[in-house]
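User: I am new to this structure and would like to understand how its labels are earned. Could you walk me through them?

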Amino acid sequence: MTAAFEELRRRLAEVSDLARASAILGWDQQTMMPPRGAAGRAEELATLGRVIHERFTAPEIGRLLDELAGFEQEHPHDSFEASLVRVTRVDWEKARKVPADLRAEMSRASSLAHQVWVRARAENDFASFLPALRENLELRRRYIACFEGDYDEPYDAALDDYERGMKTTEVRAIFDYLKEHQAPLVHAVADAEPLPEAGPGTFPIELQKQFELEVVRRFGFDDAAWRLDPTVHPFASGAGTQDIRITTRYFEKNLDGLFATMHECGHGLYEHQIDPQLERSPLARGTSLGMHESQSRMWENLVGRSQPFWRFFFPRLQELFPDAFRGYDATRWYREVNAVEPSLIRVEADETTYNLHIILRFELEQDLLAERFPLEQLPEEWNRRMWEYLRVEVPDDTNGVLQDVHWSAGALGYFPTYALGNLISAQLWTKVTADLPDLPEAFEQGEFGALREWLRENLHRHGRKFTPIETLERAAGVGRIDPEPYVRYLRQKIGDIYGLRLDVAASG
């Protein structure tokens, strides 16, 4: 069995190398590639996608897994050996049902669609994006059809790609709870005395870049292993634990880009702190997108929008942008960055309304797969639900249905993980703050190492060795995703900021 295991490990290392190379090509496409390189890049990514799929789903992998039947029982459950065989077997069983040509078509279509989306978004032209979106949806339906009989409903197959083992019915129940408990918070704030209006300000981009690097370096950004680059839609990528590439965007009229940078840094820290032993294997990435988003949302919100954080960083912010922050103190800025205000753009939404943006997309994706309305009507459906859920009128498609990159990549099933990540972040935070009661004082001194190391030890280092729920149980001591701690956190925070008496204990 030892020889079979080593052969499996060698083959998986080659697959991992190819996947990392593909990731770098994707990163380059969204950061540095000249626009006319799109057609060639699509073919390159399609070729890599096919080769990766063929190598991973090869009969030889299946033979090795058969030979290693029972191997997991000979090693501890949390060992590298048992975890590699266990996770590879699950991945292989799903992947082998998908034809290599379909995988290549999906890679090619998403690559081509990206440049179409960038242009359509810039020109507010949904009609020009429609053919690419239609093709991506059809390819996704063909992909889901490969698993006929394996899932309770079609969306389960898409969701499982990002949140292993999660069912659509489970997400619906969680989201129904959020709608029931978060909508009243939005209404309560709407009836409260408004916060002071934000003053007009200009924030030179070079100074923003300087400040953001000062922040993320304290979080754990290492110049020898990380990059930070501008892009249209922020994301995190890379080619291993020592090659972390995060991206952001900047606005001269506000500091929204700062929160995007902290968000992507959270993703980067997860990948950076995975046990090096797991490199060049299917285990060397986050266990799920929900867990990944818990890390990005934690650093963006639970850390980056906290009062102790700004007690340390606000004097430096005021030093860099004195005109914009004349008459401010740290408390006023803290309240401003936590203001509740329904808005158009998901990535700039406040914590209280953010999940409603996700629920809208989750419901629309199921409708798109089921073809419940003509695709040409998607902007109207989007706009109608934005009004229904958030009472926000959408002025154009750039700020509406074209704002997110995900559908250009065919990434149906991804959106729910953002809201699940919010919930997981609060569950983890409950355990973190119990274990590290002096964390607020550390933040006030600009020290974030204790949090980073807790996350490394209890979560990051494990990579994909365990299922998402197993990982959550090991880190937080809870065996399911529970929305109640997040709702309780919001009630406490919003009540304090707006001077509202809110019942902190959520029912359910």
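**Why the labels fit**

Analyst: Gladly! Please keep in mind that this is a predicted model. Ask about any label you like.

User: Why is Glu-72 called buried?

Analyst: Glu-72 has a relative accessible area of 15%. Buried means under 20%, so Glu-72 earns the label. Glu-72 is found in the loop between helix H3 (59-67) and helix H4 (80-95). Leaving out residues up to four places away in sequence, Glu-72 touches Ala-82, Val-85, Arg-86 and Arg-89.

User: What makes the pairing of Glu-72 and Arg-89 a salt bridge?

Analyst: Their side chains meet at 2.7 Å, N to O. The cut-off is within 4 Å, so the pair qualifies. In general, side chains of opposite charge can pair when their charged atoms come close.

User: What does this salt bridge tie together?

Analyst: Glu-72 lies in the loop between H3 and H4, while Arg-89 lies in helix H4, so the pair ties together parts that are 17 residues apart in sequence.

User: Why is Arg-89 called partly exposed?

Analyst: Arg-89 has a relative accessible area of 22%. Partly exposed covers the range between under 20% and over 50%, so the label fits Arg-89.

User: How do you know that Glu-67 forms a salt bridge with Arg-63?

Analyst: The closest N and O atoms of Glu-67 and Arg-63 are 2.8 Å apart. That is within 4 Å, so this is a salt bridge. The two residues are four apart in helix H3, which means they are separated by about one helical turn. Glu-67 has 39% relative accessibility and Arg-63 has 40%, so each counts as partly exposed.

User: What about Arg-297 and Glu-300: are they buried or exposed?

Analyst: Both Arg-297 and Glu-300 are buried. They form a salt bridge, with the closest N and O atoms 3.2 Å apart. That is within 4 Å, so the name applies. Being three residues apart in helix H11 (residues 289-303), they are separated by about one helical turn.

User: How many salt bridges are there in the whole structure?

Analyst: A search of the whole structure finds 50. Some are linked in a network that joins Asp-367, Arg-372, Glu-381, Arg-384, Arg-385 and Glu-388.

User: Which residues touch the most other members of the largest nonpolar core?

Analyst: In this core of 116 residues, they are Phe-175, Phe-219, Trp-310, Phe-325, Leu-378, Trp-407 and Leu-451. Another core, of 23 residues, lies apart from it and includes Ala-4, Val-15, Phe-56 and Val-85.

Notes
Residues are numbered from 1 along each chain as its sequence is written. This is a predicted model: local features need pLDDT of at least 70, side-chain atom pairs count only at pLDDT 80 or more; totals for chains, interfaces and linings use all residues. Side-chain values use heavy atoms; hydrogens and water are left out. A nonpolar core is a set of buried Ala, Val, Leu, Ile, Met, Phe, Trp, Tyr and Cys residues joined through side-chain atoms within 4.5 Å. Buried means under 20% relative accessible area, exposed over 50%, partly exposed in between (1.4 Å probe, protein chains only). Contact means heavy atoms within 4.5 Å.
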